[in-house]
Amino acid sequence: MSASNTRGRRGRLLLVEDNASLRRGIARALAPGLRSLDEEARGDRAVARLRDPAVPPYDVVLTDLRLPGADGLAVLDAARSREARTAVLLMTAFGKVETAVEAMRRGAFDFVQKPFELPELEVRVGRALGQAQLLSELRCLREERRDRIGVDAIVGSSPALREAVALATRVAASRSTVLVTGETGTGKELVAGLIHTASPRAEGPFVKVNCAALPETLLESELFGHERGAFTSADRVRIGRFEQADGGTLFLDEVGDMSPATQAKLLRVLQDQQFQRLGGSRMLHSDVRIVAATNRDLRAAMAAGAFRADLYFRLQVITIDLPPLRERPEDVEALARHFLEGFAAECGRPELRFAEAALARLRQHSWPGNVRELRNAVERAVLLAQGPWIAAEDVVLGASALAAGWRPGLPAGGLALREVERAVVQEALERCGFVQKDAASLLQISRRKLNYMIQRMGITHPSWRRNRGDGTSGQVAG
Ligand SMILES: Nc1ncnc2c1ncn2[C@@H]1O[C@H](COP(=O)(O)OP(=O)(O)OP(=O)(O)O)[C@@H](O)[C@H]1O
Ligand SMILES: [Mg+2]
């Protein structure tokens with residue numbers, strides 16, 4: 001995106017100054033050291049630009065204090081409320097020290113008194129750039145620590161799991177498309193993350209799309225983006241996931257749930273390496289590595305005509321199959337201890353341990369919900385445990401209701417399965433005070449899946465806020 005002649009230049013700067021000749025002089029002096037420099041002559045225009053979500057945040061804002069439209073303090077506030085790492089430098093007339101002090105109190109990085117020499121300004125702008133860069137590096141480091149999935153994060157020593165992990169690390173280096181298969185909760189998303197972090201694209205974005213959570217038309221605009229006016233509610237351009245993932249990895253989750261039309265489009269993109277935004281005419285190119293996952297048997301779906309054979313063969317260049325937990329019982333204990341450590345620390349009880357009987361119970365279970373079910377069971381056990389030990393009674397196993405003889409009643413006239421599903425979801429939510437995380441745990445499904453069901457069923461609750469505009473595709477916060 002950035003031209004090579006700007007390499008080595010640092011930062012984006014917004015210059016706000018109403019005196020045209022002074023503005024030109026400053027711009028000429030600073031521009032050679034910057035990646036980009038934008039200019040505004042009015043305070044209100046600068047505020048509007050800083051608030052425009054389509055304009056990426058600036059590293060440094062250099063603004064005059066007295067401006068038409070809005071003053072430098074308003075510019076300062078707009079910059080700081082948009083992005084905390086933006087360093088704001090104010091230019092003040094001689095003798096206006098009180099205002100400068102007020103500006104520093106409101107978070108300005110520095111101020112320069114007019115008249116100033118250009119070299120002095122360059123030094124101060126350089127310092128401001130240094131601070132902005134330091135802050136963004138710090139943030140990257142922090143995010144990296146949170147996102148980085150190392151081989152160590154994947155717990156379990158069973159040969160089947162270690163083989164899958166070894167394969168994932170080996171194929172990470174290539175650009176090949178990988179299909180991760182396995183039952184629900186076996187760790188497909190975790191392995192997809194590992195493939196990304198172990199790949200040469202680790203510094204690039206890791207973008208996830210859940211193909212099952214969106215209806216067909218929304219999925220297409222999610223994947224490929226749309227132009228303004230592509231359909232009635234498209235009031236602005238949307239950058240699709242393919243574009244966002246440029247230089248990184250695109251994780252297509254639950255790829256087996258895509259409609260035939262979307263399958264055809266995806267196939268074309270994979271073949272041609274280019275695509276169009278909905279309603280657009282330009283061909284776009286994105287350098288993306290695809291990792292797909294599904295808990296369906298794609299071969300069977302293919303045989304039944306529900307999944308395109310050509311797409312299947314494109315996706316499964318390399319297949320990593322994650323074994324269900326019941327086929328690797330030796331991993332149960334290590335996973336349980338791993339989750340216990342996390343949850344116990346979270347609630348301030350690091351000394352919490354499993355009693356032998358509790359471990360025995362965990363070992364005997366068959367784990368239809370796999371690692372996710374185990375994780376939920378440990379979380380519940382930590383909440384239930386009274387003393388320093390997790391007792392056998394604290395281990396509540398989901399399938400035990402059926403095992404203990406509970407049967408859902410089917411009326412003689414039959415009933416719609418969907419209604420039953422809805423009633424159960426509603427009851428779980430009510431029992432958990434509409435906290436989705438807890439309800440999902442009760443139902444032994446992922447939060448995402450619950451969220452999807454809630455949306456599909458149109459269940460609402462006043463305590464849920466709507467989509468926060470962060471691109472999580474209309475998820476309900478819970
Ligand atoms: N080997 C493992 N070590 C540590 N944590 C694991 C392991 N396998 C799975 N997990 C954890 O179990 C949970 C479920 O895993 P994940 O979301 O990757 O499953 P999935 O296969 O994508 O499931 P689904 O098909 O339902 O989407 C996550 O919290 C994940 O971090
Ligand atoms: Mg998943």
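**Exercise 1. Phe313 and its ring partner**

Task: Classify the solvent exposure of Phe313 in this predicted model, using its relative accessible area.

Solution. Phe313 has a relative accessible area of 47%, so the residue is partly exposed. The class follows because partly exposed covers the range between under 20%, which is buried, and over 50%, which is exposed.

The next step concerns the partner of Phe313. A pair of aromatic rings is described by the distance of the centres and the angle of the planes. Tyr312 and Phe313 form such a pair, with 5.1 Å from centre to centre and 70 degrees between the planes. The arrangement is edge-to-face, because planes over 60 degrees apart fall into that class. Tyr312, at 7% relative accessibility, counts as buried.

**Exercise 2. Phe224 and Phe242**

Task: Determine how the rings of Phe224 and Phe242 are arranged, and which elements the pair ties together.

Solution. The structure holds five aromatic pairs. In the pair of Phe224 and Phe242, the ring centres are 5.5 Å apart and the planes stand at 20 degrees, so the pair is stacked. The stacked class applies because it takes planes under 30 degrees apart.

For the location, Phe224 belongs to helix H8 (residues 216-224) and Phe242 to helix H9 (residues 241-244), so the pair ties together parts that are 18 residues apart in sequence.

For the accessibility, Phe224 counts as buried at 3%, and Phe242 counts as buried at 3%. Finally, Phe224, Phe242 and Phe275 form one aromatic cluster.

**Exercise 3. Salt bridges**

Task: For the salt bridges Arg49 with Glu40, Lys208 with Glu189 and Arg277 with Glu243, state the distance and place the partners.

Solution. The structure holds 30 salt bridges; these three are taken in turn.

1. The side chains of Arg49 and Glu40 meet at 2.9 Å, N to O. Arg49 is partly exposed at 24% relative accessibility, whereas Glu40 is buried at 9%.

2. Between Lys208 and Glu189, the closest N and O atoms are 2.9 Å apart. Lys208 lies in strand S7 (residues 206-210) and Glu189 in helix H7 (residues 188-197), so this bridge ties together parts that are 19 residues apart in sequence. Lys208 is partly exposed at 40%, and Glu189 is partly exposed at 29%.

3. Arg277 and Glu243 form a salt bridge of 3.0 Å, N to O. The bridge links distant parts of the chain, 34 residues apart: Arg277 is in the loop between strand S11 (274-275) and strand S12 (284-285), and Glu243 is in helix H9. Arg277 counts as buried at 10% relative accessibility.

Beyond single bridges, Asp77, Glu102, Arg105 and Arg106 are joined into one network by salt bridges that share partners.

**Exercise 4. The surroundings of Ala292**

Task: Is Ala292 buried or exposed, and which residues is Ala292 in contact with, leaving aside its neighbours within four places in sequence?

Solution. Ala292 is part of strand S13 (residues 289-294). Its relative accessibility is 0%, so Ala292 counts as buried.

With those sequence neighbours left aside, the contacts of Ala292 are Val178, Leu179, Val180, Phe251, Leu252, Val255 and Leu315. Ala292 can also be related to Lys208 of Exercise 3: the two are 84 residues apart in sequence, with 9.7 Å between their C-alpha atoms.

**Exercise 5. A charge over a ring**

Task: Which ring does the charged end of Arg12 sit over?

Solution. The charged end of Arg12 sits over the ring of Tyr58, at 4.5 Å from the centre of that ring.

Key. Residues are numbered from 1 along each chain as its sequence is written. Chains are lettered from A and ligands numbered from 1 in the order in which they are written. This is a predicted model: local features need pLDDT of at least 70, side-chain atom pairs count only at pLDDT 80 or more; totals for chains, interfaces and linings use all residues. Side-chain values use heavy atoms; hydrogens and water are left out. Helices (H or I, at least four residues) and strands (E, at least two) are DSSP runs, numbered from the N terminus. Buried means under 20% relative accessible area, exposed over 50%, partly exposed in between (1.4 Å probe, protein chains only). Contact means heavy atoms within 4.5 Å. Rings of Phe, Tyr and Trp (its six-membered ring) pair if their centres lie within 6.5 Å; planes under 30 degrees apart count as stacked, over 60 as edge-to-face and the rest as tilted. A charge sits over a ring if NZ of Lys or CZ of Arg is within 6 Å of the ring centre and within 35 degrees of the ring normal. A salt bridge is a side-chain nitrogen of Lys or Arg within 4 Å of a carboxyl oxygen of Asp or Glu.
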